[in-house]
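Subject: Structure handover

Hi there,

Here is the structure I promised to pass on to you. Please have a look at it first, and then read on for my notes.

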Amino acid sequence: AGSGFGQPRFSREAIAEFQIVTNLFDITQGRSLGTQVQAVSRAGTNTPAGSFYGNFRHDGLNAADPLSGTVLPYENRQIGGTFGGPIVRDRMHYFVSYEDEREPGSIFRTLSALPGQSFETSYEIGQSSFLGRVDSQLTNNDRLSIRASRWDWSNPQVGGNHPSTASAQTKDATSILATWTHV
């Protein structure tokens, strides 16, 4: 679920199926030099259903580094959920997904110009993604699907050899798609 170049990022729980195309895709599938990942988002059904999940990692469960003999600090928290169901039975359904991830860390710096001094800067990388989808069977021959997604990423401490030269970065992507199918 990469997010480079402003592409939206989706929760794994929001994806119903995916296909990896490595060659021989036509121009209708967009521009790419090598590989494409095509994903279909989940949709609601006549039965209300959902999920809630969490992934938690902490250095308390890690083994010691074999060279230094110490446990390297690491922490990560990822929570999310999905829910979908009917708006009008057999005619209109909805599906929503939300995911939030936080990864705190610290940067340790020592400068050759200031011997004996070191700097520690704490930060927290965060990202969240939202997906909402409504599908409607307008007639026996017409179907309307509307999907909206939002992805936000922030890193308050990027680069620099000294805390005063670091910068904060944010990225976001918003996508709205409507599809009308007539048979």
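Let me begin on the surface, where F83, V96, Y98 and F130 make up a nonpolar patch whose accessible area is about 340 Å² together. Please keep in mind as you read that this is a predicted model.

Two members of that patch are easy to place. V96 is found in strand β5, and its relative accessible area of 33% makes V96 partly exposed. F83 belongs to strand β4, which covers residues 75-88. With a relative accessible area of 38%, F83 is partly exposed as well.

F83 also turns up in the search for aromatic pairs, which finds one in the whole structure. The partner of F83 is Y94, and the two rings are tilted, with 6.3 Å from centre to centre and 35° between the planes. The pair is called tilted because an angle under 30 degrees would count as stacked and one over 60 as edge-to-face. Y94 lies in strand β5 (residues 92-110) and F83 in β4, so their pairing ties together parts that are 11 residues apart in sequence. Y94 is partly exposed too, at a relative accessible area of 23%.

One more ring deserves a look, that of W153. K171 lies over its face, at 5.1 Å from the ring centre.

Now for the overall picture. The protein has eight strands and zero helices, so if you follow the sequence you read β-β-β-β-β-β-β-β. There are 183 residues, and 26% of them count as buried. Among contacts with a separation of 6 or more, 54% are between residues 24 or more positions apart. The accessible surface is about 12400 Å², and carbon and sulfur atoms account for 56% of that.

Next, the charged side chains: how many salt bridges does the structure hold? The count is seven, and here are some of them.

- E13 and R42: the closest N and O atoms of this salt bridge are 3.7 Å apart. E13 sits in the segment before β1 (15-21), while R42 is in the loop between β2 (36-41) and β3 (49-58), so this bridge ties together parts that are 29 residues apart in sequence. E13 is partly exposed at 29% relative accessibility, and R42 is also partly exposed, with a relative accessible area of 27%.
- D135 and R133: here the closest N and O atoms of the salt bridge are 2.8 Å apart. D135 is buried, with a relative accessible area of 2%, and R133 counts as buried at 16% relative accessibility.
- D152 and R150: this salt bridge has its closest N and O atoms 2.8 Å apart. D152 is partly exposed, with a relative accessible area of 27%, and R150 counts as partly exposed at 33% relative accessibility.
- R77, D100 and R102: these residues are linked in a network of salt bridges.

If you open the model in a viewer, a good place to start is F83, which is part of the nonpolar patch and of the tilted pair with Y94. From there you could move on to D135 and R133, the salt bridge in which D135 is buried and R133 is buried.

Happy browsing, and best wishes

Key
Residues are numbered from 1 along each chain as its sequence is written. This is a predicted model: local features need pLDDT of at least 70, side-chain atom pairs count only at pLDDT 80 or more; totals for chains, interfaces and linings use all residues. Side-chain values use heavy atoms; hydrogens and water are left out. Rings of Phe, Tyr and Trp (its six-membered ring) pair if their centres lie within 6.5 Å; planes under 30 degrees apart count as stacked, over 60 as edge-to-face and the rest as tilted. Helices (H or I, at least four residues) and strands (E, at least two) are DSSP runs, numbered from the N terminus. Buried means under 20% relative accessible area, exposed over 50%, partly exposed in between (1.4 Å probe, protein chains only). A charge sits over a ring if NZ of Lys or CZ of Arg is within 6 Å of the ring centre and within 35 degrees of the ring normal. Contact means heavy atoms within 4.5 Å. Accessible areas come from the Shrake-Rupley method with a 1.4 Å probe; for residues, only the protein chains shown count as cover. Patches are made of residues with over 30% relative accessible area and no salt bridge: like charges are joined within 9 Å, nonpolar side chains (Val, Leu, Ile, Met, Phe, Trp, Tyr) within 5 Å. A salt bridge is a side-chain nitrogen of Lys or Arg within 4 Å of a carboxyl oxygen of Asp or Glu.
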